[in-house]
Amino acid sequence: MIAKLSTPRATLSLIVLLVWAVMVSAMKKEDFKTCSQSGFCQRNRAYADEVLSHGNDFYSPYTLLQDTIQFNQDNTKGSHIKADIENTDTKVIFTLDVTLLQDNTARVQVNEKSPLRPRYADHARYTLQQDPTAVNPLKLDKNTKTGAVTLTLDDSRKLVITSQPFKMDFMVNDVPIISLNDRGFFNFEHLRTKDTHTPKMIKQTNSEGVMEEKEAESEGSMWEETFKTWTDPKPNGPESIGLDISFHGFSHVYGIPEHASSLSLKETRGGDNAYTDPYRLYNTDVFEYALDSPTSLYGAVPFMIAHRKDISAGVFWMNPSETWVDITKDRSDQKNGIHKILDFGKKGGDGDRTTTQTHWISEAGVLDLFVFFGPTVKDVLRQYTGLTGAPAMPQMFAIGYHQCRWNYINEKDVLDVDSKFDDNDFPYDVIWLDIEYTDEKKYFTWDQAKFPNPIDMEMKLDHKGRQLVVIIDPHIKRAHNYRTCDEAIKEKHFVQQPSGGDYEAWCWPGQSSWIDFFNPNAREWWKKQLSFEKFDGTRENVHLWNDMNEPAIFNGPEITMQKEMIHHDNWEHRVLHNLYSLLSHGTSSDGMRERTSIQKRPFVLARGFYSGVQRYGPVWTGDNMANWESLTYSNPMVLTNGMGGVPFSGSDIPGFFNNPSSELLVRWYQNGIFHPFFRGHAHIDTKRREPYLVDEPYRTITRAAIRQRYALLPYWYTLFYNTYQDGTPISRPMFVEFPQDENLFATEDQFMVGEAIMVKPVTAEGATTTDVYFAGDQPWYDMETHERTLHTGFKTVDAPLEKIPVYYRGGFIIPRRERIRRSSSAMKLDPFTLVIALDRKSNAQGTLYIDDGETYDFQQGSYAHTAFNYNRGTLSCASLHHDLNSSSATTFAEAMKQLRIERIHILGIKKTPSRIQLVSDNNEAHSLAFDYDDTKASLTIRDPAASVTQCGWSIVVE
Ligand code: NOJ
């Protein structure tokens, strides 16, 4: 590569790359803070330790003041319970505001009553989709003796607020499932000035045995904090918030992405195999991130789900500042005797007396917490995405295969790769351009020497129904005569330094500034930059990749922005750090949607993310390694994203850094086809590894895997529609489908895609067999051979290189398209194959969703949503359209009526039918041809030609 870089520009690129390589390759674990190096985390952990050291004698100083309790009932806006809370040690008063929201959700907000200056509380308008709808409790009781307030939501759910000490219990059937401040870790650091602050003193015996008083260690970080060479001036002093949240009777909690950790979250303060640090949520660019670690990565979603056999519940800690979460498990729960109240065995509980205790610690802002009552995991995810927004419905191409590399070097290279996919009969939808396509990393420009005619290139791709994604990062090169930079300086769109003036630091282009997406004018301006007029060389089949939006800053502390930098309205970066990722992604996504008069669903991939990201587009697991461990971890990471309300994610296939072996490449593709976002990507230093380049037999096997993804696109698209409706993850943990089976509560190496497909990816080198857990009591059918197993529990199955252990679940109908073409758009009008995987009673059900695959017309009713039902030998269909007789529904169904079923496989059918007939809606019947394979008990019906958009027909198997 070096030999080819001869121009001055190429030399500059090389310098930046080398600087980056030197900086980041020198990055180590030690370059990111541990809790003890983060002042507020250390203070809150120390506070928790002190509380625990007092045992039962500890009394939280926070008291709800009885005479301040107000119940503002409003039948239209819902009611609020408001009260003051006093810290009886410091006498500082806080306001408590509790609201019940629709769909079994409660909100708890605490702020300082008279802060020295406002605390950041503007996060909700960016994070939530809209103002949540409050509802009234059925009943409100105040116990005059104890002062406890009880809000009754319905027959089974209650919320009890205790005054002294302040505590909240969320109860189901009179038993607490979630408690706040149960352990007394609630700690709200009020704003203060240094001269009015009374430092905390501790008594200590010195070396001469004399007792002396000195400032507690935690005091040191209150007004200034140094980490490595960085000093955070902390002009506002301490302002953190800590709270313990207990999940009673739950052994497993999930979520709070993003970490390279297990699906069932680990303990962080003692316990088997525990981490020593809390899980951290602070978006940052960690080079060659460690696996099995609570270290923060690119994204942060402070949403956690607890699950046990009989119930699931969740909490959303809506705070975008740096956050840490400690997890411990109390296996006896002796303290409050809850195990005595909970008769798990009798009530169908999980027989487990473990309480998972969590401790949430944020650096700044206010306490704004949502509690979700469930009762199922799917309910909790619907409740959370009901607040933070429905996952976006992508265009069809977005769920096909994406081919990326840092970098395709010029137009010829792009078109060459494009045609090699065709020559080798590999389907793919999108080719990507990384940073080198630009003129010296000046985003919104093209390197004219390498890409003289981007529009031509894009048209050639378009001709084959293919798309191009280009990268645009949120840092803008400081350069003269660069329009984007000049305008942003002039119009003050950049993040500011505390002393005034644009913040400047280093990223890919060298000296850069960062767009302040909190400034509404900057957002409007950014959106315009994405228009075809401004972004030269782009047309409708060009889409976006927002990388480095944590924001990543090469010479910043922990590779990100100094916390004292200033955003719009004078807010410190500290208070909103994790939101930066969301706003950059969201603004780009809005801009891409607004490019055209007939709006198309935008495609914008981002690396950094925060709660609400699901509204904007996919994310990926960042710069992983081409090794078996990283492949293994891609599964819990993608599943955890789903459990965090981020269903559209995937990993770089087959590992970003280093060169994969052919076997690893194959296994990663076989696994990656079952992740919602499916993209091959590679670091600039790696060898070319487009999937058609690998030797035989690997090439044929990889091709078969990618084609399997394309065959299942109708099923995937239907799942995307389902998650758009209710937030259920697409690739989901086994326990989401089998919530009663405790064996599956920590399973992360096997997962479900939707309700109907189970995958056990092979992630071990050299493996030729693997152990699959067959859950439930219905049959499973091998996707490739259609062979049925009635086994339940673990079974060792053959898994030679060419085999992906994937199974259809008995009782479900799966739509497929078997005519694999060069891209998803080429398959748009192809007929379907239905796979009917029978349950033990010979029944099955499934759905198919279809729309134009591009626009928002589906929101006006232009779609078909069809339910198939196979019952007692008859397959019928019915529309699930929400307004079946509307003209948009009928027009769409009529226009698409030629979309037909060309083949039906019925799996698990016990005997050869004597006759199969298609009965049309006017009762005309004609016989259909079929084949029966008695060794596999599988029937194939040939060309029934039934429409999938116009029901009324039935197929009768006699
Ligand atoms: C970091 C991203 O994670 C990676 O995917 C990309 O290739 C490089 N930045 C260069 O843009």
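How many bridges pair β30 and strand β31 in the antiparallel sense? Three, as the first view shows. Please keep in mind throughout that this is a predicted model.

**View 1. β30 and β31 side by side.** Strand β31 covers residues 510-514, and its antiparallel pairing with β30 runs over three bridges. For a handy landmark, look for Trp506, which stands opposite Gln511 in β31.

**View 2. The open sheet of three strands around β31.** Stepping back from the pair, we find an open, antiparallel sheet with the strand order β29-β31-β30. Its edges are formed by β29 (475-477) and β30 (505-507), each of which pairs on one side only. If direction is ignored, neighbouring strands in this sheet are turned by 60 degrees against each other on average.

**View 3. The ligand and its polar partners.** Here we zoom in on the ligand and three aspartates. A polar side-chain atom of Asp623 is placed 2.4 Å from an oxygen atom of the ligand. Asp434 also points us to a ligand oxygen atom, with a polar side-chain atom at 2.5 Å. For Asp547, the partner is a nitrogen atom of the ligand, and the distance from a polar side-chain atom is 2.7 Å. On its own the ligand has 300 Å² of accessible area, and the protein covers 99% of that.

**View 4. The full shell around the ligand.** Widening the frame brings in the 13 residues that surround the ligand. The closest are Asp434, Asp547, Arg607, Asp623 and His681. Sorted by character, the shell holds eight nonpolar residues, one polar residue and four charged ones.

**View 5. The open sheet of six strands.** Now we move to another sheet, where the strands follow the order β41-β42-β43-β48-β45-β46 and pair in the antiparallel sense. To find the edges, look for β41 (731-733) and β46 (788-789), since each pairs on one side only.

**View 6. β43 meets β48.** Within this sheet, strand β43 (residues 757-759) pairs with strand β48 (residues 806-809). The pairing is antiparallel and spans three bridges. Ile757 is a good place to start, as this residue stands opposite Tyr808 in β48.

**View 7. Helix α11 across the strands.** Our last stop shows helix α11, made of residues 628-643, lying across β41 and β42 (751-753). The helix runs at about 95 degrees to β41, and β41 is itself an edge strand of the sheet.

Methods
Residues are numbered from 1 along each chain as its sequence is written. This is a predicted model: local features need pLDDT of at least 70, side-chain atom pairs count only at pLDDT 80 or more; totals for chains, interfaces and linings use all residues. Side-chain values use heavy atoms; hydrogens and water are left out. A residue is near a molecule or strand if one of its heavy atoms lies within 4 Å of it. A polar contact is a pair of N or O atoms within 3.5 Å; within protein, one must be able to donate a hydrogen and the other to accept it, and residues adjacent in sequence count only if both atoms are side-chain atoms. Accessible areas come from the Shrake-Rupley method with a 1.4 Å probe; for residues, only the protein chains shown count as cover. Ala, Val, Leu, Ile, Met, Phe, Trp, Tyr, Cys and Pro count as nonpolar, Asp, Glu, Lys and Arg as charged, and the others, Gly among them, as polar. Two strands pair if DSSP finds at least two bridges between them. Helices (H or I, at least four residues) and strands (E, at least two) are DSSP runs, numbered from the N terminus. Contact means heavy atoms within 4.5 Å. Axes are lines fitted to C-alpha atoms, for helices over the stretch in contact, and angles run from 0 to 180 degrees between N-to-C directions.
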